[in-house]
Amino acid sequence: ASEGLGPGAPATSGPKEFEIVLDKSSGMLLGIDVDHQDGVTLLVDKITGALVQKWNTENPDCVVKPGDRIFEVNGVRGDVIQLVEQCKLNQVLRMKLSRE
């Protein structure tokens, strides 16, 4: 049963997964606030601009939204400390996200 879902909620089973690619080699900020309480993923709290906002503008069919979870960066997954370390690197970041 899908209780609590409003009209028009997608009838997909399980989280949707997608990938974004952000070029951080110029040193530009990612532009997201994240929460890492679960120790495994980075929960997007809010979009603050910079690279993620640029991605969203250029990729309207694949936008990052608050509530999305980053679960892999450049092949690293399962450890939030390693995810954060990857996000700090000034290089191209391949991020995999999931959305409930």
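**Figure 1. Asn74, a partly exposed loop residue in a predicted model.** Asn74 is partly exposed, at a relative accessible area of 28%, and all of this comes from a predicted model. You'll find Asn74 in the loop between strand E4 (69–73) and strand E5 (76–77). Its phi is near 50 degrees, a positive value, and Asn74 isn't a glycine. For context, most residues other than glycine have a negative phi. The side chain of Asn74 has a polar contact with the side chain of Gln86, at 3.4 Å. Those two residues sit 12 apart along the chain, with 7.3 Å between their C-alpha atoms. The Asn74 side chain also reaches the backbone oxygen of Val92, at 3.3 Å. Leaving aside neighbours within four places in sequence, Asn74 is in contact with Gln86, Gln91, Val92, Leu93 and Arg94.

**Figure 2. Helix H2 and its buried face.** Zoom in on helix H2, residues 80–88, and pick out Val80, Leu83, Gln86 and Cys87: these are buried. Looking down the axis of H2, the buried residues fall within an arc of 120 degrees, so they line one face of the helix. What do they pack against? The buried residues of H2 pack against E3, E4, E5 and strand E6 (92–99). Flip to the other side of H2 and you meet Ile81 and Lys88, both exposed. At the N-terminal end, Asp79 acts as the cap of H2, with a side-chain oxygen 3.0 Å from the backbone nitrogen of Ile81. Gln86, from the buried set, is also the side-chain partner of Asn74 in the polar contact from Figure 1.

**Figure 3. Thr41 and its two side-chain partners.** Thr41 lies in the loop between strand E2 (32–35) and strand E3 (42–47). Is Thr41 buried or exposed? With a relative accessible area of 10%, it counts as buried, because the cut-off for buried is under 20%. Its side chain makes a polar contact with the side chain of Asp38, at 2.7 Å, and another with the side chain of Arg69, at 3.0 Å. Not counting residues up to four places away in sequence, Thr41 touches Asp35, His36, Arg69, Ile70, Phe71, Val80 and Leu83. Two of those names, Val80 and Leu83, should look familiar from the buried set of H2.

**Figure 4. Asp68, buried and paired with Arg99.** Asp68 lies in the loop between helix H1 (50–58) and E4. Asp68 is buried, with a relative accessible area of 1%. Which side chain does Asp68 join in a polar contact of 2.7 Å? That would be Arg99. Setting aside neighbours within four places in sequence, the contacts of Asp68 are Phe18, Leu42, Leu43, Val44, Val63, Leu97, Ser98 and Arg99.

**Figure 5. Ala50, a positive phi in helix H1.** Ala50 is found in helix H1. Its phi is positive, at about 50 degrees, although Ala50 is not a glycine. Ala50 is partly exposed, with a relative accessible area of 28%. If you're checking backbone angles, put this view beside that of Asn74, whose phi is also positive and near 50 degrees.

**Figure 6. Two buried cysteines.** Cys62 has a relative accessibility of 17% and counts as buried. Cys87 counts as buried too, at 10% relative accessibility, and belongs to the buried residues of H2. How many disulfides are there in this model? The count comes to 0.

**Figure 7. The whole chain, for orientation.** Step back and you have 2 helices and 6 strands, running β-β-β-α-β-β-α-β from the N terminus on. Of the 100 residues, 32% count as buried. The accessible surface comes to about 6,200 Å², and carbon and sulfur atoms hold 51% of that. Among contacts with a separation of 6 or more, 57% link residues 24 or more positions apart.

**Figure 8. The N-terminal stretch, and how far to trust it.** The chain averages a pLDDT of 90, and 87% of the residues score at least 70. Over residues 1–7, though, pLDDT stays under 50. The model has 0 contacts beyond four places in sequence for residues 1–7. Where pLDDT is low, the predicted coordinates shouldn't be read in detail.

Notes
Residues are numbered from 1 along each chain as its sequence is written. This is a predicted model: local features need pLDDT of at least 70, side-chain atom pairs count only at pLDDT 80 or more; totals for chains, interfaces and linings use all residues. Side-chain values use heavy atoms; hydrogens and water are left out. Helices (H or I, at least four residues) and strands (E, at least two) are DSSP runs, numbered from the N terminus. Buried means under 20% relative accessible area, exposed over 50%, partly exposed in between (1.4 Å probe, protein chains only). A polar contact is a pair of N or O atoms within 3.5 Å; within protein, one must be able to donate a hydrogen and the other to accept it, and residues adjacent in sequence count only if both atoms are side-chain atoms. Contact means heavy atoms within 4.5 Å. pLDDT is the predictor's confidence in each residue, from 0 to 100. A disulfide is a pair of cysteine sulfur atoms within 2.5 Å. Accessible areas come from the Shrake-Rupley method with a 1.4 Å probe; for residues, only the protein chains shown count as cover. The arc is that of the directions from the helix axis to the C-beta atoms.
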